[in-house]
Amino acid sequence: MSYITMEIWTGIWILVRFLPTALIIFAGVMIIELGIEFIQKKKIEVKILNWLCQFLWILIVVSILKITGIIGGSFGISSPLDSYISFKLFEDGFNAATILNICLFVPYGFLPVFIFKNIHKHWWNGVILGAVFSIGIEFLQTFIGRFAQLDDVIMNTCGTLIGFLMGCLLLRITTSKK
């Protein structure tokens with residue numbers, strides 16, 4: 001079995017395994033969201049598509065955190081300054097892992113377009129979304145004995161931006177038909 005095929009099946013297994021966790025987090029988010037609407041005396045609307053996107057986004061975030069070792073990692077007391085941080089771009093070359101990094105973050109960038117009002121108005125929101133999350137992951141990885149790489153941040157951000165732009169395009173197509 002090829003490396004890419006093995007990684008894809010591992011990712012699918014993680015998605016399936018974390019369905020209950022994502023459902024619990026989603027239920028908590030829904031309770032808070034509906035509670036706020038109730039307190040503000042707003043009309044509570046049933047937004048099935050939005051809720052589905054929220055659930056899937058939570059599932060993607062939790063899965064990314066598992067795949068990158070943040071969930072289940074053994075956090076130590078070591079300093080990030082003692083860890084290996086690579087600022088060299090593509091020192092291992094442009095390989096399958098690079099492509100998988102991009103693919104992993106495409107759904108992470110795609111779904112927020114349908115969750116957050118007006119996020120689609122500026123393309124750089126996709127860059128910010130990907131860069132902040134990816135930098136956070138790389139920073140946390142230094143505490144679990146993994147090393148941080150600048151090219152991971154760049155590829156993760158590119159994947160997020162690709163997904164974000166795809167979501168914006170789909171939103172534009174679906175709203176122009178109405």
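Here are some friendly notes on a surface patch and on the aromatic rings of this predicted model.

1. Start at the surface. Y3, I4, M6, I8, W9, I12, W13, V16 and L19 make up a nonpolar patch there, and together they have about 870 Å² of accessible area. Helix α1, which covers residues 3–17, is the largest contributor, giving 8 residues to this patch.

2. Now pick out one member of the patch, V16, which sits in helix α1. Is V16 buried or partly exposed? Its relative accessibility is 45%, so V16 counts as partly exposed; the partly exposed class runs between the limits of 20% and 50%.

3. Next, the rings. To describe a pair of aromatic rings, we give the distance of the centres and the angle of the planes. The structure holds 9 aromatic pairs. One of them joins F105 and Y108 edge-to-face, with 5.8 Å from centre to centre and 75 degrees between the planes. Both residues belong to helix α4 (residues 96–110), where they are 3 residues apart, about one turn of the helix. F105 and Y108 are both buried.

4. Another pair to find on your screen is W123 with W124. These rings are also edge-to-face, at 6.2 Å centre to centre and 75 degrees between the planes. W123 has a relative accessible area of 51%, so W123 is exposed. W124 has 40%, and therefore W124 is partly exposed. The cut-off that separates these two classes is 50%.

5. Finally, come back to F105 and Y108. Which residues do ring pairs link into a cluster with them? The other members are W57, F116 and F133.

How values were computed: Residues numbered from 1 in each chain as written. Predicted model: local features only at pLDDT ≥ 70, side-chain atom pairs only at ≥ 80, totals over all residues. Heavy atoms only, no water. Patch = residues over 30% accessible without salt bridge, like charges linked within 9 Å, V, L, I, M, F, W, Y side chains within 5 Å. Areas by Shrake-Rupley, 256 points an atom, 1.4 Å probe, with all protein chains shown as cover. Salt bridge = Lys/Arg side-chain N within 4 Å of Asp/Glu carboxyl O. Helix = DSSP H or I, 4+ residues; strand = E, 2+ residues; numbered from the N terminus. Buried < 20%, exposed > 50% of the residue type's maximum accessible area, 1.4 Å probe, protein only. Phe/Tyr/Trp six-rings, centres within 6.5 Å; stacked < 30°, edge-to-face > 60°.
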